[in-house]
Amino acid sequence: RFFIIKESFLLYYAESEKRSFESNKYFNIHPKGVIPLGGCIVEPKEEPNMPYAIKISHEDFHGNIVLAAESEFEQAQWLEMLQESGKVTWKNAQLGEAMIESLEAQGLQLAKEKQEYLDKLMEETEELCLQREQKEELERLNQVLEAEKHRFEEVVRELRLEQEQIRRELELTARSLKGVEEEKKELRSLTQSLQKTLEELSLEKQQMLEMLEENERQLPPPTSPSKEQSPIWGLHCSLQQIEAKMQQLLEEKLLAEKRMKENEERSRALEEEREFYSSQSRALQNSLLELTAEKQQTERDLKAEVKVRMDLEKRLREAEEALQSLEQGLNSLDCNKEKEEKMKADVSNLR
């Protein structure tokens, strides 16, 4: 047997308990038996084949208890300790049975609580595994969202470049339209001027014709002077010059009208081109706004996912710390009220 003195009681165990006690120094609350030492007589005893024997006797015992140490020095130590422990009163010794029952009840309660803690640990372990899976899924989703965000940014950059190109083309078209409008104004002014000149020449031609007819009626046919020196010939020459000038002005007018028509067609084409580029610009602007809104939503989603992940990581760390604390408490055989309260707090935190 392996013996331990606890206050005024001598507790004994199987011999194998000695190695466990020496390794972890924990007090086992389930002895094989308890001997109350209060009022006992402890003295050395000589026994055949049993050196260093110790006898414990009491008037209420049925027979004596004989123990043996392994050396004379240990015998002296045990005698001193047993005699000191035996100085307590018998009243205190009678508390031994109550102490055993209390220890057994406490042991059963601790075993029950340990099993409950183990069950809760299993549940929390499964929950932690689920949270780790959720964390991995969040990380995967985060990578997907990051890739989507980069794609959006690339599309936005391309749209901005295209929008800038369209803006430059619109400015060029606007300048071309402005030049065409100015040329149209000049051609219109030139056409009006030519029309006015044509009207004046037509009037002058009409006057010349009237004068020519008048001269032909009044003057007799020439006999001696040459044809070139007659007034009628001069009027004919002026008339021819007027007609030639009118023909030239008419051609210039037709050319100006042709150029005006070309300018109007060019102006319409430029206007259509400007309208096309404007619609393209509006469409790109709308696409850019939609992509910007989608990008902002993606960034908000990313921030929310990161926040959730950080919260999960924090909860995981707290749960792992609580699990470690619980495991230490469950592995410890030295249990007191303070440790029980701490373990209950850990369980509440895990829940």
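This report describes the fold of one protein, its two sheets, and a few of its residues.

**Overall make-up**

The model is predicted. The protein contains six helices and six strands. Read from the N terminus, its elements follow the order β-β-α-β-β-β-β-α-α-α-α-α. Of the 351 residues in the protein, 27% are buried. The exposed surface of the protein comes to about 24,500 Å², and 50% of it is supplied by carbon and sulfur atoms. Taking contacts between residues at least 6 apart in sequence, 67% join residues that are at least 24 apart.

**The sheet of β1, β2 and β3**

One open sheet has three strands in the order β1-β2-β3, and their pairing is antiparallel. Its edge strands, β1 (2-6) and β3 (33-36), each pair on one side only. On average, neighbouring strands of this sheet are turned by 25° against each other, direction ignored. Strand β2 covers residues 9-13 and is joined to β1 by five bridges, the two strands running antiparallel. Within this pairing, F3 has Y12 of β2 opposite it. Helix α2 lies across β1 and β2 and runs at about 40° to β1.

**The sheet of β4, β5 and β6**

An open sheet of three strands is also built in the order β4-β5-β6, again with antiparallel pairing. Here the edge strands are β4 (41-47) and β6 (65-68), each of which pairs on one side only. From one strand to the next, the twist averages 35°.

Helix α2, made of residues 72-85, packs on this sheet and touches β4 and β5. The direction of α2 makes about 5° with that of β5.

β4 and β5 form a hairpin, with two residues between the strands. In the turn, N49 has a positive phi of about 60°. The two strands run antiparallel and are joined by six bridges. Strand β5 spans residues 50-57 and pairs with β6 in the antiparallel sense over four bridges.

K55 can be followed across the sheet: K55 in β5 is the bridge partner of E43, and K55 also stands opposite V66 in β6.

The strand pairs with a bridge count are set out below.

| Strand pair | Bridges | Sense |
|---|---|---|
| β1 and β2 | five bridges | antiparallel |
| β4 and β5 | six bridges | antiparallel |
| β5 and β6 | four bridges | antiparallel |

**Cysteines**

How many disulfides does the count come to? The count is zero, where a disulfide would need a pair of cysteine sulfur atoms within 2.5 Å. A disulfide is a covalent bond between the sulfur atoms of two cysteines. As for the surroundings of two cysteines, C40 counts as buried because its relative accessibility is 12%, under the 20% cut-off. C129 has a relative accessible area of 38%, so C129 is partly exposed.

**A residue in helix α4**

Helix α4 covers residues 95-218, and N142 lies in this helix. Is N142 buried or exposed? N142 has a relative accessible area of 12%, so N142 is buried. Which residues is N142 in contact with, leaving aside its neighbours within four places in sequence? The contacts of N142 are then with L302 and R309.

Conventions
Residues numbered from 1 in each chain as written. Predicted model: local features only at pLDDT ≥ 70, side-chain atom pairs only at ≥ 80, totals over all residues. Heavy atoms only, no water. Pairing = 2+ DSSP bridges. Axes fitted to C-alpha atoms, helices over the stretch in contact; angles between N-to-C directions. Contact = heavy atoms within 4.5 Å. Buried < 20%, exposed > 50% of the residue type's maximum accessible area, 1.4 Å probe, protein only. Areas by Shrake-Rupley, 256 points an atom, 1.4 Å probe, with all protein chains shown as cover.
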